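Me: I've got a few "how do you know that" questions about this model. Could you take me through the reasoning?

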Amino acid sequence: MRFTDDFIEKIKDSTDIVAVVGEYVQLKKAGSSWKGLCPFHREKSPSFIVSPSRRSYHCFGCGKGGNVLTFLMALENLPFPEAVKALAQRAGLPLPMVEHDEASEARERERERRWEMNESAAKFFQAHLKSDEGSAARDYLIKRHLDDAAAESLGIGWAPAGWDTLKNAALKKGYKPEELVSAGLLVKNEEKGSVYDKFRDRVIFPVRDTFGRILAFGGRALGDGEPKYLNSPETAVFKKGECLYLLDAAKDAVREEGRALVVEGYFDAIALHLHGFTNAVATLGTALTRDHARLLKRYAPEVVVLYDADAAGQAAAKRGIEPLLSEGLRTRVLTLPDAKDPDEYLQKHPKDDLAVLVTGAPDYFRWRAAGLKPSLAGKPREDVFRALRELTPLMARLPDEASIQAACAAVESELGLDNRSLLEIVNSDRKHGSGSVSSTVRSAESNKKTESLPVHEDRFRRKEMEFLALLAGDGGKFIPWAKEEMTGEHFEDAELRALFEALPATEAGAETLQISALLEPVFLEMEAEAGKFRNREALLAEISAVLKRRVLKNRVVELNLKLRNAESAGDVETAAKHAWELAALKTGLSALDVED
């Protein structure tokens, strides 16, 4: 699907990019721009800039930038047409008639059809829950402390026990058996070639994306059916490792509270929401994945894991932590006393008790140390540190040295060890490249020095960009001077060189520079840190000298090579000529007394 350039511009004009980005990133005012931690890479100091006047964003740590459409596409993993539709709907703009690309149109129709089928199925399940046949399902929900109003607000339904009830209803609506199978609503018997309902005699939970579209369903058996819980298979619009139940309802609360509560099951998440913990989400029968972690990181920097208190739940908590730590999320774990899961706990205790427990939940490494404590009591020091070896690879996934030190201190404090003993072992492993500690820590430390510059921009290219962006200010009054002082050879980057060479030697060239996408990162930085660029004339003179010096130094290298070749060939006259040229160049270099 193709949209006109005018309509795309209208969307950008009608959308507050700060409001959209602010739903994913905690932004603070910085001059006329806004600043925050980049959602595309892990960083400690904010280098992500959003400019409302330029309708764009840029990260000076990883180099990613763009407009409100590219941001939404990247963060929500949306194709371009879907991002356009989402923002048009947000801005209240009707979609215009558009040209169609057959391939992309076919893919879009398929996705739309899946969502349409799922919405239709959800209404079918909800209607059957309210029917006379659904009384047993309603009774079951009441036993789980879910009344009719709560079930309706959550879109909960019931799949009848028959093998073709949904199939027959869907066929009447014009859906084809094969597309219902591909959507995960029907199952095909390959031997008989027949199809039948995927969900039968189950309470149904719709699984939605962050836009509220139904991607899949989860079903809880009412009788003795196995498995107890059954999820839709993965489809073109549904990947279990990328979805979290109730995130569509929880994302605002997660953002406001700065933390997400992660539980294992549908009923745990629902119970938490009904008791006011609206920042709770649940995994869909899988361990936490890196995609889950990235999804949560969009909304908050902290996660509290509340898995079941039994051995399986605690094991799942341990397995699920690595992706969270790898993404730099502050991770805490809460083991509930006197209850196997959050649902049961809330039936026994006031919600305020749970709120206190959540606030005081230990960080992951202290929690792990507390779990090891009984088995290590009275053991020799060597045995204790041998047992702690299983924690060091996870410590290596922490985002920085300070976090590693804090984790070591928490473990040592919990187990009563000598101060910094564990940190010494971790540092020793890192120094000798032991397999017990990942090299990610070393690379994270080395990357801190270069984090402030985009990976694709070397220092001189950055200088060239700054020079041109500075020329765009003050009505372009320095452009005539620059055209006299500089030539295209002072710009190594081909695109920047072409931009400079195309400038007229008048102030009129300022507009050309101001609309150049190549200079967007610098313009954003200028808005965020105006004081740094205040003395425009002095900065232009300094950068001009740096770029000229680079050209002269390159010529020195070339002439030195020519001089050696002439001397080797016994060409005295040519060697003397090059020696004279070298002397003149070095004099020129001395005159350009700047750091490069």
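Reply: Sure, here is a run of questions and answers on this predicted model.

Me: How do you know that Cys-59 is in no disulfide?

Reply: A disulfide needs two cysteine sulfur atoms within 2.5 Å. For Cys-59, the nearest cysteine sulfur belongs to Cys-38 and is 3.5 Å away, so the pair fails the cut-off. The search of the whole structure comes back with zero disulfides.

Me: And why is Cys-59 called buried?

Reply: Buried means under 20% relative accessible area. Cys-59 has 0%, so it qualifies. Cys-243 makes it too, because its relative accessibility is 8%.

Me: What makes strand 3 and strand 4 a pair?

Reply: Two strands pair if there are at least two bridges between them. Strand 3 and strand 4 (residues 56-59) have four, so they count as paired, and they run antiparallel. One of the contacts puts Phe-48 opposite its bridge partner Cys-59 in strand 4. The two strands form a hairpin with four residues between them, and in the turn Arg-55 has a positive phi of about 55°.

Me: How do you know that strand 2 pairs with strand 3 as well?

Reply: The bar is again at least two bridges. Strand 2 (residues 33-36) and strand 3 share three, so they pair, in the antiparallel sense. Across that pairing, Lys-35 stands opposite Ile-49.

Me: Which way do the side chains of strand 3 point?

Reply: Phe-48 and Val-50 point one way, Ile-49 and Ser-51 the other, and all are buried. That fits the rule that side chains in a regular strand alternate between the two faces of the sheet.

Me: Why are strand 1 and strand 5 said to stand at the edges?

Reply: The open sheet has five strands in the order 1-2-3-4-5, with antiparallel pairing. Strand 1 (28-30) and strand 5 (65-66) each have a single partner strand, so one side of each has no neighbour in the sheet.

Me: What puts the buried residues of helix 8 on the same side?

Reply: In helix 8 (residues 165-172), the buried residues include Leu-166, Lys-167 and Ala-170. They cover an arc of only 100° around the axis, which means they sit on the same side of the helix. Just after helix 8, Gly-174 takes a positive phi of about 100°.

Me: Why is Val-281 called buried?

Reply: Its relative accessibility is 0%, so it falls under the 20% limit. Val-281 belongs to strand 13 (residues 280-282). Its C-alpha atom is 5.6 Å from that of Leu-247, though the two are 34 residues apart along the chain.

Me: What lines the second largest pocket?

Reply: This pocket holds about 660 Å³ of space. Its lining has 27 residues, and Tyr-229, Glu-264, Gly-265, Asp-268 and Asp-308 lie nearest its centre. Strand 11 (229-231), helix 11 (266-274), helix 13 (311-326) and helix 14 (342-348) are the elements that give two or more residues to the lining. By class, the lining has twelve charged, eight nonpolar and seven polar residues.

Methods
Residues numbered from 1 in each chain as written. Predicted model: local features only at pLDDT ≥ 70, side-chain atom pairs only at ≥ 80, totals over all residues. Heavy atoms only, no water. Buried < 20%, exposed > 50% of the residue type's maximum accessible area, 1.4 Å probe, protein only. Arc of directions from axis to C-beta. 1 Å grid on protein atoms, 1.4 Å probe; cavity = no way out; pocket = protein on both sides within 12 Å on 5 of 7 lines; lining within 4 Å. Points joined across faces, edges and corners; volume = space filled by probe spheres on them. Nonpolar A, V, L, I, M, F, W, Y, C, P; charged D, E, K, R; others polar.
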